[in-house]
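Trainee: Please take a close look at the helix packing in this model. Then go over the ligand site and the backbone oddities.

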Amino acid sequence: MAIRICSQKEIITFWLETDHSLYQMQVDGYGLLHHLWYGEKTDCEMQYLLDYPDVGFSGNLYEAENQRTYSLDTRPQEYACAGVGDYRIPAVSAVHADGSNALDLRYVNHTIRKGKYRISGLPAMYAEDDAAETLEIRLKDTASDVEVTLKDGVLPALDMITRCAEIHNQGETDVILTRAASFCLDIPYGSSWEWMHFHGRHTMERQVERMPLLHGIQESSSRRGASSHQQNPTLLLCQPDCTETSGVCIGAALVYSGSFQTQVELDQLGQVRVVMGIHPDLFRWTLHAGETFATPEAMLSYSGTGMETLSHNFHRAMRDHICRGKYQHIERPVLINNWEATYFDFNAEKILHIAEEAARLGVDMLVLDDGWFGKRNSDVSGLGDWVVNEKKLQGGLGSLVDKIRAMGMRFGIWFEPEMVSEDSDLYRTHPEWAIQIPGRQPNRGRYQLLLDMTNPDVVEYLYDAMCKILRCADISYVKWDMNRSICDWYTSTLPAARQGEMAHRYMLGLYSLLERLTSEFPDVLFEGCSGGGGRFDAGMLYYCPQIWCSDDTDAYERTKIQYGTSFFYPISAVGSHVSIVPNHQTGRVTPLESRAVTAMAGSFGYELDLNHLSETEKEEVRKQIAQFKAFGSLIHNGKYYRLTNPMTDKAAIWSFVTQDASEVLVQGMQFRTEPNMVRYVVRLRGLSSEKQYRLEGTEQVYSGAALMYGGVLLPRSWGDYTPVSMHFVEA
Ligand code: GLA
């Protein structure tokens with residue numbers, strides 16, 4: 001039983017237990033649902049920790065009469081409400097017909113059932129019925145007919161708890177939601193905490209920042225209509241002594257790809273509150289009588305043994321219980337993508353020339369990137385016209401794909417469905433489908449406008465146009481791109497009073513299209529993309545088991561981007577390619593092997609014209625592909641270890657270990673070489689100290705204890721960005 005209830009009169013305590021964590025909450029005598037504990041498993045009701053003084057200016061519950069120590073402003077809440085005396089960040093806020101803005105939610109009842117709840121129209125974790133339990137706690141406002149159902153999914157073996165809320169209007173008049181977070185987590189238990197988040201920009205996503213919490217509110221968020229390059233919808237809270245391998249931390253990931261807000265508040269008493277969900281600035285949702293609003297889901301995990309365990313929990317959960325479809329577990333094809341090789345300047349002949357050499361070297365699939373459709377010779381025109389440009393691809397897609405298939409390769413294709421160029425037939429026919437506010441000039445991003453995904457006609461058009469292409473030839477892969485941020489929120493599909501629903505309805509339209517297409521084409525591998533990793537989140541992973549991690553293909557910069565990405569997302573989700581040097585984003589020159597080991601820490605491919613390599617380099621490429629295929633399962637299904645921190649250390653080194661610890665692949669690069677340098681030592685993790693391991697290609701055997709406590713000597717470094725690739729197998 002993952003969920004246990006203890007009741008004593010009107011006091012009800014909920015115990016949500018996973019293999020290594022306990023989440024505890026309690027309904028008190030006033031019917032208020034308090035948070036008690038999220039952390040190490042204990043056998044105690046943690047209520048005894050809630051001992052509050054009479055804090056001035058923290059008012060009291062009316063029913064508490066003269067009990068001045070009872071305040072909503074100090075006590076930990078499960079789903080904090082606006083307007084009734086908790087002055088910290090609210091999780092939910094609603095405006096009633098009389099204009100008042102308050103909710104006072106009290107316990108009504110609860111249900112427990114086998115299996116994990118699902119959320120209609122939204123991505124969410126899934127599990128077999130015997131691997132999860134669901135707790136639903138129903139709360140009701142004291143003065144209105146607004147009800148909230150808090151849903152908890154408990155997945156014990158994964159050490160995961162999921163959360164979402166449903167808000168119901170059971171009354172007769174409209175209620176306007178101005179905030180509806182996915183969860184609220186109060187952490188009252190005394191120690192200080194640090195906050196880690198993942199910030200960045202285009203071509204530099206998910207840089208890691210860790211800092212002590214300051215009194216007041218700190219925030220990481222996106223108002224861009226996508227989860228964004230700038231911030232990621234994940235959060236890591238850790239105690240100051242927490243490292244990769246020891247200490248306490250809590251992680252949260254939102255299963256959502258739109259605008260979001262994560263706020264962390266250190267309150268007047270030194271307690272922490274985290275609230276995460278849809279960004280309230282772009283949210284104002286009318287609930288008519290009888291209607292329900294469902295928030296996106298958040299995934300939570302706790303680790304008492306450092307960030308590595310936390311990452312392993314999220315990797316497993318995302319890989320096995322968020323990603324879906326045929327490609328979830330099978331090895332991904334090694335791709336060649338023509339973007340950096342040709343940009344818009346290609347024709348069928350050029351593509352076939354690239355494909356031929358790639359096929360010869362062992363590549364599995366050619367991906368034809370942007371420029372194959374409409375009038376698309378540069379990024380100023382053509383988006384929306386999903387019809388093959390036969391001037392470029394003489395003979396059409398069918399003939400090109402047949403030739404590529406005849407080389408023994410599969411074929412994939414790029415789309416940017418949500419966009420429209422003003423210079424396109426689609427815009428000329430349906431200017432009203434583009435997002436713009438009447439009477440205002442729309443903001444252009446990369447010259448393009450957005451399609452209104454809240455409009456069912458738009459979604460239908462895209463579905464038909466994409467189906468037509470996917471059926472006209474033997475297509476095995478789709479790259480789903482999204483190359484600008486969203487603003488000018490206005491849709492003709494909603495009345496003035498409901499425009500605040502558009503940002504979330506855009507996501508519902510997008511998810512519905514993704515759901516239909518991925519179901520209609522179950523054999524097609526969908527890869528997400530948004531100018532690289534601008535929409536790298538658990539929501540997109542539900543439809544696309546891999547996401548192009550960054551438009552930066554420079555191997556050195558990529559080690560940092562992939563390091564940040566690895567805190568929450570599994571290696572199998574990370575699209576990563578070898579490109580030409582000097583690198584197109586930084587001008588840096590790195591060795592071919594370093595580029596390859598970096599790209600192998602992901603779903604591997606190439607993005608260059610292999611014809612331009614020397615014969616020796618081509619031979620190297622052939623070996624890299626063979627190596628990736630040999631290690632594919634270890635890389636994607638093994639445990640991933642961050643052995644150094646590329647932000648601060650002199651090398652970026654990581655490893656993959658099989659679940660039974662019989663094999664480890666150590667890869668990465670050493671950044672700079674100095675004269676007379678001693679060799680860099682890296683301690684491995686996750687091995688068995690009793691086992692003996694032989695270093696492949698040598699007769700050298702080491703004990704697991706030696707490799708973990710002493711470490712491995714990395715190869716002597718020569719030049720800059722020296723590659724590392726060492727494979728140890730149980731002797
Ligand atoms: C985005 C993607 C690139 C490429 C271009 C094409 O920037 O991230 O990989 O597909 O669009 O326009």
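Mentor: What follows goes through the helix pairs, then the ligand, then the backbone. Keep in mind that this is a predicted model.

Start with helix 6 and helix 7. Helix 6 covers residues 456-472, and helix 7 covers residues 502-520. Their axes come within 10 Å and cross at roughly 25°. An angle under 35 degrees counts as roughly parallel. Helix 6 and helix 7 are therefore roughly parallel to each other. Their crossing is right-handed. On the helix 6 side, the contact is made by Val 459, Glu 460, Leu 462, Tyr 463, Met 466, Cys 467 and Arg 471. Helix 7 answers with Gly 509, Ser 512, Leu 513, Arg 516, Leu 517 and Glu 520. By class, the contact of helix 6 with helix 7 has seven nonpolar residues, two polar and four charged.

Next, helix 9 and helix 10. Helix 9 spans residues 555-565, and helix 10 spans residues 592-600. Here the axes are 9 Å apart, and the packing angle is about 20°. Helix 9 and helix 10 are therefore also roughly parallel to each other. Helix 9 passes helix 10 in a left-handed crossing. Helix 9 brings Ala 555, Arg 558, Thr 559 and Gln 562 to the contact. They meet Ser 594, Arg 595 and Thr 598 of helix 10. This contact of helix 9 with helix 10 has one nonpolar residue, four polar and two charged.

The last pair is helix 3 and helix 11. Helix 3 runs over residues 348-361, and helix 11 over residues 615-637. The axes come within 9 Å and cross at roughly 60°. That makes helix 3 oblique to helix 11. Glu 357, Arg 360 and Leu 361 make the contact from helix 3. From helix 11 come Glu 615, Lys 618, Val 621, Arg 622 and Ile 625. The contact of helix 3 with helix 11 divides into three nonpolar residues, no polar and five charged.

Now the ligand. It is surrounded by 13 residues. The closest are Asp 369, Asp 370, Arg 446, Lys 479 and Asp 551. A polar side-chain atom of Asp 369 lies 2.6 Å from an oxygen atom of the ligand. For Asp 481, a side-chain N or O atom is 2.9 Å from a ligand oxygen. For Trp 548, the corresponding side-chain N or O atom is 3.4 Å from an oxygen atom of the ligand.

Finally, the backbone. Most residues other than glycine have a negative phi, and most peptide bonds are trans. Two places depart from these habits. Val 581 and Pro 582 are joined by a cis peptide bond, with omega about -5°. Pro 582 is found in the loop between strand 29 (574-579) and helix 10. That is the helix 10 whose Ser 594, Arg 595 and Thr 598 meet helix 9. The other place is Phe 57, which is not a glycine yet has a positive phi of about 70°. Phe 57 is found in the loop between strand 4 (33-39) and strand 5 (92-95).

How values were computed: Residues are numbered from 1 along each chain as its sequence is written. This is a predicted model: local features need pLDDT of at least 70, side-chain atom pairs count only at pLDDT 80 or more; totals for chains, interfaces and linings use all residues. Side-chain values use heavy atoms; hydrogens and water are left out. Axes are lines fitted to C-alpha atoms, for helices over the stretch in contact, and angles run from 0 to 180 degrees between N-to-C directions. Helices (H or I, at least four residues) and strands (E, at least two) are DSSP runs, numbered from the N terminus. Angles under 35 degrees count as roughly parallel, over 145 as roughly antiparallel, 65 to 115 as roughly perpendicular and the rest as oblique. A crossing is left-handed if the near helix is turned anticlockwise from the far one by less than a right angle, and right-handed if clockwise. Contact means heavy atoms within 4.5 Å. Ala, Val, Leu, Ile, Met, Phe, Trp, Tyr, Cys and Pro count as nonpolar, Asp, Glu, Lys and Arg as charged, and the others, Gly among them, as polar. A residue is near a molecule or strand if one of its heavy atoms lies within 4 Å of it. A polar contact is a pair of N or O atoms within 3.5 Å; within protein, one must be able to donate a hydrogen and the other to accept it, and residues adjacent in sequence count only if both atoms are side-chain atoms.
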